[in-house]
Amino acid sequence: MSALYKLREYLMKIIGACTAFLFTVMVVVGSWQIISRYVFNSPSTVSEELLTYTFAWMALLASAYVFGKNDHMRMAFLADQVKGTPKIVMELIIQFLVFAFAAIVMVYGGIAITKLTMTQVTASLQIPMGYVYFMVPISGVLIMYFSLLNALDVLKKDHTKEGK
């Protein structure tokens, strides 16, 4: 069981580093785009497309990171009013719904759209669009894994001391 949690720690470090790297790339490319447009009066179409795809990848990885920390946004007005076994059941249902969404929409749908768009190329970068969409199933698998661990955390938690 501890191997699962060690893997989560390792994945969290990798995802955090990748997200920070993508953010850095966005800052550099965005700065270049501003300089090329306003200083050299020659806007870069490659930088605009690269910014768009980098932002999408960063958002998907960051969402997986947030699920890994179990800090995702939720509507707490109902969950905080429930205590004991109903709260456990509600939290498990939430984790199941997250898992199902990630599996069906992100992994299954993401693989389908990735396959479908491998023959299309991006306008400026001239890379297959499937490479752009490939981050959807990757982040879906990560969210599924973190959702399972979050469900295990719910089951292991001592619910007799409800402080939060």
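## Contacts around Ser36

Two residues are in contact here when heavy atoms of one lie within 4.5 Å of heavy atoms of the other. With that in hand, take Ser36, a residue of helix 1 in this predicted model. Setting aside neighbours within four places in sequence, Ser36 is in contact with Asn41, Ser42, Pro43 and Ser44. Ser36 has a relative accessible area of 2%, and because anything under 20% is called buried, Ser36 belongs in that class.

Ile35, next to look at, also lies in helix 1. Its relative accessibility is 36%, so Ile35 counts as partly exposed. Ile35 also gives a feeling for distances along this part of the chain: Ile35 and Ser2 are 33 residues apart in sequence, and their C-alpha atoms are 49 Å apart in space.

## The overall fold

Let us step back to the whole chain. Its secondary structure comes to six helices and zero strands, and reading along the sequence gives the pattern α-α-α-α-α-α. The chain is more spread out than a compact globule, because its radius of gyration is 20 Å, well over the 15 Å that the globule rule gives for 164 residues. Along the principal axes, the C-alpha trace spans about 65 × 35 × 30 Å.

How much of the chain is buried? Buried residues make up 35% of the 164 residues. The accessible surface comes to about 10400 Å², and 73% of that surface belongs to carbon and sulfur atoms. As for how the chain meets itself, consider contacts between residues at least 6 apart in sequence: 71% of these join residues at least 24 apart.

## The nonpolar core

In soluble globular proteins, nonpolar side chains tend to be buried together. Here the largest nonpolar core has 25 residues, and the members that touch the most other members are Leu61, Met106, Leu142, Ile143 and Phe146. Helix 1, helix 2 (45-68), helix 4 (84-116) and helix 6 are the elements that each give two or more residues to this core. Which helix gives the largest share? That is helix 6, with eight residues.

Phe146 is a handy place to start when you explore this region on screen. Beyond its neighbours within four places in sequence, Phe146 is in contact with Arg8, Leu11, Met12, Ile15, Ala64, Phe67 and Gly68. Thr19, a residue of helix 1, is in contact with one of the core residues just named, Leu61, as well as with Met58 and Ala62, again leaving aside neighbours within four places in sequence. Thr19 has 15% relative accessibility and so counts as buried.

## A salt bridge between helix 1 and helix 6

Side chains of opposite charge can pair when their charged atoms come close. The count for this structure comes to one salt bridge. Asp153 and Arg8 form it, with 3.0 Å between the closest N and O atoms. The pair links distant parts of the chain, since Asp153 sits in helix 6 (residues 135-156) and Arg8 in helix 1 (residues 2-38), 145 residues apart.

Are the two partners buried or exposed? Arg8 is buried, with a relative accessible area of 11%, whereas Asp153 is partly exposed at 27% relative accessibility. Arg8 has already appeared in this report, among the contacts of Phe146.

## Aromatic pairs

Searching the whole structure turns up two aromatic pairs. One of them joins Trp32 and Phe40, with ring centres 6.0 Å apart and planes at 45 degrees. That pair counts as tilted because its angle falls between the cut-offs of 30 degrees for stacked and 60 degrees for edge-to-face. Phe40 is exposed, with a relative accessible area of 54%, and Trp32 is partly exposed at 43%.

## Thr122 in a loop

The last stop is Thr122, in the loop between helix 4 and helix 5 (129-133). At 2% relative accessibility, Thr122 counts as buried. What does Thr122 touch, not counting residues up to four places away in sequence? Its contacts are Glu49, Tyr53, Ile127, Met129 and Val132. Thr122 and Val132 are ten residues apart in sequence, with 9.0 Å between their C-alpha atoms.

Definitions and conventions:
Residues numbered from 1 in each chain as written. Predicted model: local features only at pLDDT ≥ 70, side-chain atom pairs only at ≥ 80, totals over all residues. Heavy atoms only, no water. Phe/Tyr/Trp six-rings, centres within 6.5 Å; stacked < 30°, edge-to-face > 60°. Buried < 20%, exposed > 50% of the residue type's maximum accessible area, 1.4 Å probe, protein only. Salt bridge = Lys/Arg side-chain N within 4 Å of Asp/Glu carboxyl O. Helix = DSSP H or I, 4+ residues; strand = E, 2+ residues; numbered from the N terminus. Rg over C-alpha atoms; globule rule 2.2 N^0.38 Å. Areas by Shrake-Rupley, 256 points an atom, 1.4 Å probe, with all protein chains shown as cover. Core = buried A, V, L, I, M, F, W, Y, C linked by side-chain atoms within 4.5 Å.
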